[in-house]
Each structure stands twice: as C-alpha cells, then as structure tokens.
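Please open the model in your viewer and keep the sequence panel visible beside it. The tour proceeds by selections, each followed by a description of what is to be found there.

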Amino acid sequence: MDIKEQVTKAVEKITKDPKMQEQFKKDPAKTVEQVLGVDLPDDVINKVIDGVKTKISVDKVSDFAGSIKKLF
C-alpha cells in the first residue's frame, strides 16, 4: 500500500468537506478509514493520519502566506 497516495486521497476529500474536517478533528482514524473505504492496520492508519495532519497544516500555512503576499 502506498501511504503517500492514501494521504493525498484523504487530504483531497477531507479539505473539500467542512463536515469531514470536523469529523477528522474528533475521530481521525474513523474518518480516514471512511474516506478511503478500507479498514487499515493501526500502524498504517497512524502513518496516514500523521501525513494528513501534516499536509493540511502545510496547506494552511501556504494559504496564509499567499494571503499576506497579496496585501503587499
């Protein structure tokens, strides 16, 4: 299983749906498994969750930096 590919899929689906974002904050494992449509082993799901959190954080920082650049 390609974890990077799973992270990308999960991020795309979660970031497009505000309800899914709230669900991810409350129960990330269940949300990721629901989005991907598979029941993953704990070691794999934890890697995917960490990747999703990292990617979402990086995207938010990038969006914020882009917004600041537009001000100047």
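Begin by selecting K55, which has a relative accessibility of 40% and therefore counts as partly exposed, since that class lies between the limits of 20% and 50%. The model in which you see this residue is a predicted one. K55 belongs to helix α4, formed by residues 42-71. Now add V7 to the selection: 48 residues of sequence separate V7 from K55, yet their C-alpha atoms are 8.3 Å apart in space.

**The whole chain**

Return to the full view and colour by secondary structure. How many helices and how many strands does the chain have? There are four helices and zero strands, in the order α-α-α-α along the sequence. Of the 72 residues in the chain, 26% are buried. If one takes the contacts between residues at least 6 apart in sequence, 50% of them join residues at least 24 apart.

**Helix α1**

Select residues 3-16, which form helix α1. With 14 residues and 1.5 Å for each, this helix should span 20 Å, and the distance of 20 Å between its end C-alpha atoms agrees with that expectation.

Next, show the side chains of Q6, V7, A10, V11 and I14, the buried residues of α1. Why do they lie on the same side of the helix? The arc they cover around the axis is only 130 degrees, which places them on the same side of α1. A general rule helps in reading such a pattern: an α-helix has 3.6 residues a turn, so residues three or four places apart point the same way.

Turn the view to the face of α1 directed away from this buried side, where the exposed residues K4 and K16 are carried. K4 has a relative accessible area of 66%, over the limit of 50%, and so it is exposed. Select K47 together with K4: these two residues are 43 apart in sequence, and their C-alpha atoms are 9.3 Å apart in space. Then zoom to the start of α1, where a side-chain oxygen of D2 comes to within 3.3 Å of the backbone nitrogen of K4.

**Where α1 meets α2**

Add residues 18-26, helix α2, to the view of α1. The axes of the two helices come within 5 Å and cross at roughly 115 degrees. On the α1 side of the contact, select I14, T15 and K16; on the α2 side, select P18, M20, Q21 and F24. By character, the residues of this contact comprise four nonpolar, two polar and one charged.

**I14**

Keep I14 of helix α1 selected. Is this residue buried or exposed? Its relative accessible area of 1% is under 20%, so I14 is buried. Leaving out residues up to four places away in sequence, I14 touches M20, Q21, F24, T31, V35, V52 and I56. One of these partners, T31, is 17 residues away along the chain, and the C-alpha atoms of I14 and T31 are separated by 8.6 Å.

**T31 and helix α3**

Move to T31, which lies in helix α3, residues 28-36. With a relative accessible area of 0%, T31 is buried. Which residues does T31 contact, apart from its neighbours within four places in sequence? They are I14, M20, Q23 and F24. M20 is eleven residues from T31 along the chain, with 7.2 Å between their C-alpha atoms. For Q23, display the backbone as well: the side chain of T31 reaches the backbone oxygen of Q23 at 3.1 Å.

Extend the selection to P28, T31, V32, V35 and L36, the buried residues of α3. They cover an arc of only 120 degrees around the axis, which puts them on the same side of α3.

As a last stop, select G37, just after α3, where phi is positive at about 75 degrees.

Terms used:
Residues are numbered from 1 along each chain as its sequence is written. This is a predicted model: local features need pLDDT of at least 70, side-chain atom pairs count only at pLDDT 80 or more; totals for chains, interfaces and linings use all residues. Side-chain values use heavy atoms; hydrogens and water are left out. The expected span of a helix is 1.5 Å times one less than its number of residues. Buried means under 20% relative accessible area, exposed over 50%, partly exposed in between (1.4 Å probe, protein chains only). The arc is that of the directions from the helix axis to the C-beta atoms. A polar contact is a pair of N or O atoms within 3.5 Å; within protein, one must be able to donate a hydrogen and the other to accept it, and residues adjacent in sequence count only if both atoms are side-chain atoms. Axes are lines fitted to C-alpha atoms, for helices over the stretch in contact, and angles run from 0 to 180 degrees between N-to-C directions. Contact means heavy atoms within 4.5 Å. Ala, Val, Leu, Ile, Met, Phe, Trp, Tyr, Cys and Pro count as nonpolar, Asp, Glu, Lys and Arg as charged, and the others, Gly among them, as polar.
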